[in-house]
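Below is a short report on one protein chain and its ligand. The sequence and the coordinates come first.

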Amino acid sequence: MSTSFQNKVAFVTGAAGGIGFATAQAFAEAGAAVAIAGDNENNAKAAADALIKAGHRALGLRCDVADEASVAAAIDATVAAFGRLDFAYNNAGIHAPSVETADAMAEDFDRVIAVNLRGVWACMKYELRQMRKQGSGVIVNCSSQSGLAGIAGLAAYTASKHGVIGLTKAAALEYARRGIRINVICPGTVHTPMVDKAMADHPARMQAVIDDIPLGRMGTPEEIASAVLWLCSPGAGFMIGQIVAPDGGYTAR
Ligand SMILES: NC(=O)c1ccc[n+]([C@@H]2O[C@H](COP(=O)([O-])OP(=O)(O)OC[C@H]3O[C@@H](n4cnc5c(N)ncnc54)[C@H](O)[C@@H]3O)[C@@H](O)[C@H]2O)c1
């Protein structure tokens, strides 16, 4: 990624590890100051410290995306520390237990929607308040290949990720003429702690998922980060409300 993000400010949720941290690191290496927002404050601060030790500008913040007040406070703190907000990657997400729909629990459904769908909505709401004032900004939301295709056993997760695509398209149209671009990425299976946990819980099923990737391997967090940074770059200036799917060919069939 040769684009420079010098003097720019990025906000990334769920950024203490996995795809979120790889993206925060990529923003920092491209020159941006980065707010690392996570549900666990110590982990977010430790991730920010790692970037600061490497010579970057970073801030670790507690931000539970399921709690609107927590989101508002984290974005306020980002703007207070760095002066503005140029990019946001709304990455935080959770899996519900894999279960057939007839046996699913309402609490699990509500929690997945609260984090994966309402969390993206809450983040956009407060990011857009700042970007609207500036008249500029780029938001990338995180959906999944499950936003484009049904995954048996993961109905709530699949619904939440389909919903993120709808949120993205509607909001993108609202701000298209106000200097703000909003797009969504739909990663395929990427090797992160979320996948390690699924592998530990359901090894045979996860191996079948990996064998089914047309490319023949999982993606890396860095491959998702580079798609996010491209969407934030001037080179993606004509991309509004679009889906980018770095998925090893999963949804090409
Ligand atoms: N890994 C994959 O194969 C894959 C595929 C498609 C989409 N995704 C999506 O990518 C995103 C990142 O996934 P990952 O694989 O890096 O997972 P991960 O579990 O490694 O990271 C998710 C992060 O979100 C944080 N988080 C959880 N609940 C939160 C909350 N309420 N508020 C703030 N942060 C919270 C976690 O602490 C964690 O740091 C998720 O939205 C996930 O659904 C992942």
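The report covers two helix pairs, the surroundings of the ligand and one residue of a helix.

## Basis

The structure is a predicted model.

## Helices α1 and α8

Helix α1 spans residues 18–29 and helix α8 spans residues 221–232. Their axes lie 8 Å apart, and the packing angle is about 55°. An angle that is neither under 35 degrees, nor over 145, nor from 65 to 115 counts as oblique, and α1 and α8 are therefore oblique to each other. The handedness of the crossing of α1 and α8 is right-handed.

On the α1 side, the contact consists of G18, I19, A22, T23, A26 and F27. These meet P221, E222, I224, A225, S226, V228 and L229 of α8. Sorted by class, the residues of this contact of α1 with α8 comprise nine nonpolar, three polar and one charged.

## Helices α4 and α5

Helix α4 runs over residues 106–134, and helix α5 over residues 155–175. Their axes come within 9 Å of each other and cross at roughly 15°. Because angles under 35 degrees count as roughly parallel, α4 is roughly parallel to α5. The crossing of α4 with α5 is right-handed.

From α4, the contact draws on D108, F109, V112, I113, N116, L117, V120, W121, M124 and L128. From α5, the residues are A156, Y157, S160, K161, G163, V164, L167, A171 and Y175. In the contact of α4 with α5, 14 residues are nonpolar, three are polar and two are charged.

## Surroundings of the ligand

The ligand is surrounded by 28 residues, of which G14, G18, G93, T192 and M194 are the closest. Two elements, α1 and α6 (193–201), give two or more residues to this shell. By class, the shell around the ligand holds 14 nonpolar residues, twelve polar ones and two charged ones.

G18 thus appears twice in this report: among the closest residues to the ligand, and in the contact of α1 with α8.

## Residue D201

D201 belongs to helix α6, one of the elements that give two or more residues to the shell around the ligand. Is D201 buried or exposed? Within 10 Å there are 12 other C-beta atoms, and a residue with 12 or fewer counts as exposed; D201 is therefore exposed.

Along the chain, D201 and L61 are 140 residues apart. In space, their C-alpha atoms are separated by 30 Å.

How values were computed
Residues numbered from 1 in each chain as written. Predicted model: local features only at pLDDT ≥ 70, side-chain atom pairs only at ≥ 80, totals over all residues. Axes fitted to C-alpha atoms, helices over the stretch in contact; angles between N-to-C directions. Helix = DSSP H or I, 4+ residues; strand = E, 2+ residues; numbered from the N terminus. Left-handed = near helix turned anticlockwise from the far one by under 90°. Contact = placed C-beta atoms within 7 Å. Nonpolar A, V, L, I, M, F, W, Y, C, P; charged D, E, K, R; others polar. Near = placed C-beta within 6 Å. Buried ≥ 20, exposed ≤ 12 C-beta atoms within 10 Å, placed from the backbone.
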